[in-house]
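Below are my notes on this entry, set out as numbered points. Please read them alongside the sequence and the coordinates.

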Amino acid sequence: MSDEVSHLNDLYEEVILDHCKNPRNFKALPEANRKAEGYNPLCGDKVTVYLKLEDGVVQDISFEGIGCAISTAAASLMTETLKGKNLTEVETLFQGFHDLVTGKGGETSQMGKLMVFHGVSEFPVRVKCATLVWHTLQAALQQTQEPATTE
Ligand code: ZN
């Protein structure tokens, strides 16, 4: 049991720990046509996002990396959530997730399981752990060659 999630609501903690221990879509994706790497120097989290994008739709998405419970769970839940979504939906979810973990409120009706991260807003140092994989996804979508950072 890790300290970093011990203060979160029990139900949310359960979901986060489940995704941390058994990350979904945790693999390289040979057929990916987009790929980006991200690094959060504050915590040491590293993630690579693989994306198969066709006709503006996320056909498949996966990740690899090493990080804390929050970053791993965030990546796992992001890949699970975004599969089959179009770019407009991806952008809406990115904005919603960012507002959620930074405590800005905003529209949450489409957030689904991503709501488990709402407690992260109480721990500013963990916000970058939760958003790293989303920033990395943005880099993959924009096809930038620079590593994504949370700064
Ligand atoms: Zn972290």
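The points below cover the metal site, the aromatic pairs and one contact between a charge and a ring.

1. The model is predicted. Its zinc ion is coordinated by SG of Cys-43, Cys-68 and Cys-129 and by OD atoms of Asp-45, which is listed twice, at 2.2 to 2.6 Å.

2. Along the sequence, the zinc donors follow the spacing C-x1-D-x22-C-x60-C. Cys-68 and Cys-129 link distant parts of the chain, 61 residues apart: Cys-68 is in the loop between strand 3 (57–66) and helix 2 (69–82), while Cys-129 belongs to helix 4 (residues 124–142). Both cysteines of this pair, Cys-68 and Cys-129, are buried.

3. The count of aromatic pairs is four. In one of them, Phe-94 and Trp-134 have ring centres 6.2 Å apart and planes at 40 degrees, so this pair is tilted. Phe-94 lies in helix 3 (residues 87–101) and Trp-134 in helix 4, with these positions 40 residues apart in the numbering. Phe-94 and Trp-134 are buried.

4. Phe-97 and Phe-117 make an edge-to-face pair, with 5.5 Å from centre to centre and 70 degrees between the planes. Here helix 3 supplies Phe-97, and the loop between helix 3 and helix 4 supplies Phe-117, 20 residues apart. Phe-97 counts as buried because its relative accessibility is 1%; Phe-117 is also buried, at 0%.

5. Phe-94, Phe-97, Phe-117 and Trp-134 belong to one aromatic cluster.

6. A charge also sits over a ring: the charged end of Lys-46 is placed over Tyr-39, 5.6 Å from the ring centre.

Key
Residues are numbered from 1 along each chain as its sequence is written. This is a predicted model: local features need pLDDT of at least 70, side-chain atom pairs count only at pLDDT 80 or more; totals for chains, interfaces and linings use all residues. Side-chain values use heavy atoms; hydrogens and water are left out. Donors are N, O and S atoms within 2.8 Å of the metal (3.2 Å for Na, K and Ca); water is not among the atoms, so sites may look incomplete. Helices (H or I, at least four residues) and strands (E, at least two) are DSSP runs, numbered from the N terminus. Buried means under 20% relative accessible area, exposed over 50%, partly exposed in between (1.4 Å probe, protein chains only). Rings of Phe, Tyr and Trp (its six-membered ring) pair if their centres lie within 6.5 Å; planes under 30 degrees apart count as stacked, over 60 as edge-to-face and the rest as tilted. A charge sits over a ring if NZ of Lys or CZ of Arg is within 6 Å of the ring centre and within 35 degrees of the ring normal.
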